[in-house]
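Dear colleague,

I am passing on a structure that you have not worked with before, and below it you will find what came out of a first look. Please read the text with the structure open beside it.

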Amino acid sequence: MNLHEYQGKEMLNSFGVQIQRGIVAQTPAEAVAAAKKLTEDTGTGWHVIKAQVHAGGRGKGGGVKLAKNLEEVEKIAGQIIGMHLVTPQTSAEGKLVNQVLVAEDVYYPGETETSEFYMSVLMNRATGRNMIMYSTEGGMDIEAVAENTPHLIFTEEIDPALGLLGFQARKIAFNLGLSGKAFKEMTKFVSALYTAYVKSDSSLFEINPVLKTSDERVIAVDAKVTIDDNALFRHKDYAELRDLREENPVEVEAKAVGLSYVDLDGNVGCMVNGAGLAMATMDLIKQAGGDPANFLDVGGTADAERVEIAFNLILKDPNVKAILVNIFGGIVRCDRVAQGIIDAYKSIGNIEVPIIVRLEGTNADIAKKLIDESGLDVYSVIEFQEAADKVQEVLA
Ligand code: GDP
Ligand code: MN
């Protein structure tokens, strides 16, 4: 589950990570009130108005702007709230901005130059350990840094039994070229960040930029936080932070009924039981010259009700030109699934795309007979290859 920047920052701060302070606002009037409150609390004269959407690169798309007085706060908040923000990480239509974060300006001039660093915490899958990845080249495109100057990206692996050790935090501060007060601040920042990562059961933190201010403080100016969905049961307070407006509506609907569904760009919808068979079916569709429109695992109980829900989810996608049902009847008998498909088909009514059904396993022959005799526009096949050939045929 992804958090908004403002939620991520609040969570980090609850573990002692220093952040650029801010208040979320839904309207320009709320933004002005937030700015006034921040001036009282922090003494800041300028504010940054930041679009809150689940996508990075907001600055480039015009979703992060500096306001030098309250009139500008109101005007900029009015421009950003309600806009469709297009960034390198969104689709061409962009994402609707429902709210903004009004934050204190932290790039104020002072004794020293400000510096922007990059820092993330994530699992290194090759070693099975958490690592902190960091770079002096923060603020900008980290992908470009990785491409052009990979030697400027450092990693620090953490032993799960020992946790982040003091010398590791100091090494990071040293590699970032810090000294004096900023060096100490960075070691505290890194330690608090790692604690937050572990205690919140997150799977990704990406803080870009981590800022060294002109008065040598170290703070998170941005926060991308992904919490492991499988751990949400022990973080009820985080589960409440989910913003369904940011997620694919069909995926949200599927999740609510306990189906695992992932929307994809292709033209062949698939309904499969078991994740492994679902992957194999997607490969089969590719081989047949199609492209999977989704991943959908209907799980063990493929009864009429579930099959109907699954058909309805698949049919919401206007790109779907055919549907391939590939179900192995082990625990669930094929004839029951076949009856489910027939009932669902009749209940939905106007299905206009061809459906290819492959049922294999217990009572597969009875199932095939049921479908063949149903008089519906459903093709039943038994062999994997037959299914592929039929997909190819209906797409042609
Ligand atoms: P992203 O573009 O989605 O990654 O959003 P960020 O939160 O990283 O902000 C983008 C950029 O806005 C940063 O890299 C900064 O250059 C700028 N920015 C953020 N906060 C401030 C601020 O307080 N003052 C000024 N002047 N610029 C800021
Ligand atoms: Mn950023």
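A polar backbone atom of Gly 57 lies 3.3 Å from an oxygen atom of ligand 1, in what is, please keep in mind, a predicted model. Gly 59 also takes part through its backbone, where an N or O atom is 2.7 Å from an oxygen atom of ligand 1, whereas Lys 50 uses its side chain, in which an N or O atom comes to 2.6 Å from an oxygen atom of the ligand. On its own, ligand 1 would expose 570 Å², and the protein buries 80% of this area.

As for the wider surroundings, ligand 1 has 18 residues around it, and the closest of them are Lys 50, Arg 58, Gly 59, Asp 105 and Val 106. Sorted by class, this shell holds six nonpolar, six polar and six charged residues, and at least two of its residues come from each of strand 2 (47-51) and strand 10 (202-212). The space that ligand 1 takes is the largest pocket.

It may help to place this site within the whole chain, for which the domain assignment gives domain 1 (1-20 + 107-247), domain 2 (21-105) and domain 3 (249-395). Domain 1 and domain 2 each contribute at least three residues to the shell around ligand 1. Between the centres of domain 2 and domain 3, taken over C-alpha atoms, there is a separation of 44 Å.

With kind regards

Key
Residues are numbered from 1 along each chain as its sequence is written. Chains are lettered from A and ligands numbered from 1 in the order in which they are written. This is a predicted model: local features need pLDDT of at least 70, side-chain atom pairs count only at pLDDT 80 or more; totals for chains, interfaces and linings use all residues. Side-chain values use heavy atoms; hydrogens and water are left out. A residue is near a molecule or strand if one of its heavy atoms lies within 4 Å of it. A polar contact is a pair of N or O atoms within 3.5 Å; within protein, one must be able to donate a hydrogen and the other to accept it, and residues adjacent in sequence count only if both atoms are side-chain atoms. Accessible areas come from the Shrake-Rupley method with a 1.4 Å probe; for residues, only the protein chains shown count as cover. On a 1 Å grid over the protein atoms alone, a cavity is a set of points where a 1.4 Å probe fits but cannot get out, and a pocket is an open set with protein on both sides within 12 Å along at least five of seven lines; lining residues have an atom within 4 Å of a point. A molecule sits in a cavity or pocket if more than half of its atoms lie within 2 Å of its grid points. Helices (H or I, at least four residues) and strands (E, at least two) are DSSP runs, numbered from the N terminus. Ala, Val, Leu, Ile, Met, Phe, Trp, Tyr, Cys and Pro count as nonpolar, Asp, Glu, Lys and Arg as charged, and the others, Gly among them, as polar. Domain bounds come from an automatic or database domain assignment.
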